[in-house]
Amino acid sequence: MTRHDHTLKPQFYLTAPQPCPYLDGRLERKLFTALRGASAPTINDDLTLYGFRRSQAVAYRPACAGCSACVSVRIPVRDFQPSQSQRRIQRRSASIESRAVDPWATEEQYALFRSYLSDRHADGGMADMDVFDFASMIEETPVRTRVIEYRDPESDDPTALVGAALTDFLIDGLSMVYSFFDPAYAKRSLGAYMILDHVEMARKAELPYVYLGYWVEGSRKMDYKARFRPLEGLIDGQWRRINSAE
């Protein structure tokens, strides 16, 4: 059962196998469908419940033979309480201000994106993205999407963009599609702060979940997601707690 009644049934396709970006020596395949027309938001809402993620006008999820390491995860907002270290992150970043803007790519966003990739993911799959690719990532959305921009009025340049999160607004929560930040703010754990800020945004909007994408146990790139407690994962078709509150 889905949460919506709609007659348009999406058509699904499989990608060709390619090297897994998270686990060495493995191949990945994705199951995907196009999101089109007036029903795209409701289809995206429903597919998110089944572990799909959105990239531009496509919803996808891993469909790898013999491997289920990628687990779709979400934070249950009502039960979430920040840990002691996360409260310190909130205090350190108390000066940072956020603002939701329309999904329209700017030169300032792209410059920050390139700086983030160069510092943290220079050899990743997104490293070759040019300004047109970036604009497509931000602007090609058939659902309700915003860019949450972060600025620090107490910095040397109080107007400068220090972080951004491309965020979908779903019927039951916020989905953080992609986030990036100024590498100079890594010591302040700005990436974690943006997730904590989304939890508060969801709480104020009375939305029950913040979706974080996929978590892969054993992948250092994904370790940070497991620090949010409690965390729910889609396992064997059911959303279950995969850790507990500290």
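In which sense do β9 and β10 pair, and over how many bridges? In this predicted model, the two strands pair in the antiparallel sense, and seven bridges hold the record of that pairing. One of the residue pairs concerned is glutamate 149 with alanine 164, the latter being its bridge partner in β10.

Strand β10 also has a partner in β11. The pairing of β10 with β11 is again antiparallel, over seven bridges, and the two strands form a hairpin with three residues between them. Within this pairing, alanine 165 stands opposite serine 179 in β11. Strand β10 is mostly covered, since nine of its nine residues are buried; a residue is called buried when its relative accessible area is under 20%. In a regular strand the side chains alternate between the two faces of the sheet. The burial of nine out of nine residues in β10 can be read with that alternation in view.

Helix α3 belongs to the surroundings of these strands. The helix comprises residues 107-120, 14 residues in total. From its first C-alpha to its last it reaches 20 Å, close to the 20 Å expected at 1.5 Å a residue. Its buried residues are Gln109, Tyr110, Leu112, Phe113, Tyr116 and Leu117. These residues cover an arc of only 160° around the axis, and therefore lie on the same side of α3. The face turned away from that buried side carries Glu107 and Ser118, which are exposed. As for the partners of the buried side, its residues pack against β8 (97-101), α4 (131-139), β9 (145-151), β10 (161-169) and β11 (173-181). The strands of the hairpin, β10 and β11, are thus among the elements against which the buried residues of α3 pack.

A further sheet is open and has four strands, in the order β1-β4-β6-β5, with antiparallel pairing. Its edges are β1 (13-14) and β5 (53-55); each has a single partner strand, so one side of each is left without a neighbour in the sheet. For β5, the pairing with strand β6 (residues 58-62) runs antiparallel and consists of three bridges. Serine 55 stands opposite valine 58 in β6.

A loop residue offers a contrast to the covered strand. Glycine 218 lies in the loop between β12 (209-216) and β13 (232-235). Is glycine 218 buried or exposed? With a relative accessible area of 68%, glycine 218 is exposed, the threshold for that term being over 50%. Its C-alpha atom is separated by 23 Å from that of phenylalanine 80, a residue 138 positions apart from glycine 218 along the chain.

The description may now turn to the chain as a whole. Its secondary structure comes to five helices and 14 strands. The radius of gyration is 18 Å, close to the 18 Å that the globule rule gives for 246 residues, so the chain is as compact as a globular protein of that length. Along the principal axes, the C-alpha trace spans about 50 × 45 × 40 Å. Buried residues account for 45% of the 246 residues. Of the contacts between residues at least 6 apart in sequence, 65% join residues at least 24 apart. The accessible surface of the chain comes to about 13400 Å², and carbon and sulfur atoms contribute 49% of it.

Key:
Residues are numbered from 1 along each chain as its sequence is written. This is a predicted model: local features need pLDDT of at least 70, side-chain atom pairs count only at pLDDT 80 or more; totals for chains, interfaces and linings use all residues. Side-chain values use heavy atoms; hydrogens and water are left out. The expected span of a helix is 1.5 Å times one less than its number of residues. Buried means under 20% relative accessible area, exposed over 50%, partly exposed in between (1.4 Å probe, protein chains only). The arc is that of the directions from the helix axis to the C-beta atoms. Contact means heavy atoms within 4.5 Å. The radius of gyration is taken over C-alpha atoms; the globule rule is 2.2 Å times the number of residues to the power 0.38. Accessible areas come from the Shrake-Rupley method with a 1.4 Å probe; for residues, only the protein chains shown count as cover. Two strands pair if DSSP finds at least two bridges between them.
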